[in-house]
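Here's a quick briefing to read with the model open in your viewer. We'll go through aromatic rings, charges over rings and internal space.

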Amino acid sequence: MLTDPDPDPDPGPTPASEDLLRRLAPQVLGALVRRYGHFDAAEDAVQEALLAAARQWPEEGRPADPRGWLIRVASRRLTDQLRSEDARRRREETAAALTPRDEFVAPPPGEGRAPAEDDTLALLFLCCHAELPPAGRIALTLRAVGGLTTAEIARALLVPEATMAQRITRAKRRIKASGAPFGIRPGGTDDIGGTGGSGPEAAENRAERLADVLHVLYLIFNEGYTATSGRDLQRADLAAEAIRLTRAVHARLPADGEVAGLLALMLLTDARRAARTTPDGDLVPLAEQDRTRWDRAAITEGVALVSDALTHARLGPYQLRAAIAAVHDEAASDEDTDWVEILALYEVLISLVPGPVERLGHAVAVAMVHGPRRALTLLGDLDQDERLAGHHRLEAVRAHLLEMAGERAEARATYAKAAGLTLSVPERRYLRFRAARLAE
């Protein structure tokens, strides 16, 4: 960012302002797409508005209505861009391009405007439109709704960054070419499918689209709970936004067991947030956390949600993940954790979702029940999975199991290897600390 030529340096945006801008970006993008369409151009306009806010707000003060300010600035940028692009066309085409589409007009402020969360939720479902391939839906939604960078999305999905950039670009083009409508029809669940109609095919489309929505919300939450890069372990605003959006989906689909399961999983996991770091920001592992600092209200709500879902709904992966989190949260201490129950839940989970992350968690549970040697054998199988091979989490778990097995020298080297693979500063410090402790 350019600096002021005055002797006093430009303080730039504060962390609080940066968090606010990050949180408002999807809401502003949703408002622009609702009013004008032009998804790709709207995203560019929002980025320009955010840059303008980062420059102006530290000097002029934050406006009373930050979201309204960003929408006005982004709207001006977008209309200027559309005028420039359409200058060579006939006058009536330019006017048509600048006029909001009748069926998606956003009313002026104070005249029944949809709430900000409705815009963000509608943007979420637009990005998960049935016209897009599943990989494109997830990548585009993480970019537009989650505000994640291409590199962060690539790390979350365990794919190369260049591949992810191509997916996002193609997804934007498909959205533009499809003319997909923006908005959620009031009350119903038919909007989730994006295709309307009835019958088995429409129901399958709806289920597939909902699965993508939940996957995206899960990934956004995970990035907020444990950031894949940077100096902070957690991005609380991102986790809170994922919880808020999941609550909104749950309000529309209260009987869906997987929606309830995902909300329960987020609440049960986020309940530990205050105890996960020291005052200096260092990572505190689950076994060493002060459980009196856990959010008991969130745990109670999460346990109630997953218990009800497991009783009345078809079993699904998010319910199982939430049940595992509940076992951890309900244990009075680390020693009281029922690892036999956790292992049984993981056995069912990997039968439904045999992904590398799920199998890694299963290996940890195996170690706690049957010992580290058997678990290390399972990690040998994961070395063959290109999605996880060479990932710092795999090496960190391997180091922990080696330490449990008494292989101190090998564990120390593996902790050091894991530290070199992560881009998270708190995780790197923690892993180096574990390696140094074994060297003493």
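**Rings, charges and a cavity**

Arg276 lies over the face of Tyr225, 3.7 Å from the ring centre. Keep in mind that this is a predicted model. Tyr225 itself is buried, with a relative accessible area of 10%.

**Charges over rings**

- Besides Arg276 over Tyr225, there's Arg321, whose charged end sits over the ring of Tyr318 at 5.1 Å from its centre.

**Aromatic pairs**

- The structure has three aromatic pairs, and one of them is Trp57 with Trp69, an edge-to-face pair at 5.4 Å centre to centre with 70 degrees between the planes.
- Trp57 belongs to helix H2 (residues 39–60) and Trp69 to helix H3 (residues 66–86), so this pair ties together parts that are 12 residues apart in sequence.
- Trp57 is buried at 6% relative accessible area, and Trp69 is buried too, at 15%.
- Phe221 and Tyr225 make a stacked pair, 5.8 Å centre to centre and 10 degrees between the planes.
- Those two sit four residues apart in helix H9 (residues 200–225), which puts about one helical turn between them.
- Phe221 counts as buried, at 2% relative accessibility.

**Internal space**

- The count comes to one cavity of 30 Å³ or more, and the largest cavity holds about 70 Å³ of space.
- Its lining includes Arg22, Arg23, Asp237 and Glu241, along with Gly146 and Gly147.
- Sorted by type, the lining residues are four nonpolar, two polar and four charged.
- Helix H1 (15–36) and helix H10 (236–252) each give at least two residues to that lining.

Definitions and conventions:
Residues are numbered from 1 along each chain as its sequence is written. This is a predicted model: local features need pLDDT of at least 70, side-chain atom pairs count only at pLDDT 80 or more; totals for chains, interfaces and linings use all residues. Side-chain values use heavy atoms; hydrogens and water are left out. On a 1 Å grid over the protein atoms alone, a cavity is a set of points where a 1.4 Å probe fits but cannot get out, and a pocket is an open set with protein on both sides within 12 Å along at least five of seven lines; lining residues have an atom within 4 Å of a point. Grid points are joined across faces, edges and corners, and a volume is the space filled by probe spheres set on the points. Ala, Val, Leu, Ile, Met, Phe, Trp, Tyr, Cys and Pro count as nonpolar, Asp, Glu, Lys and Arg as charged, and the others, Gly among them, as polar. Rings of Phe, Tyr and Trp (its six-membered ring) pair if their centres lie within 6.5 Å; planes under 30 degrees apart count as stacked, over 60 as edge-to-face and the rest as tilted. Buried means under 20% relative accessible area, exposed over 50%, partly exposed in between (1.4 Å probe, protein chains only). A charge sits over a ring if NZ of Lys or CZ of Arg is within 6 Å of the ring centre and within 35 degrees of the ring normal.
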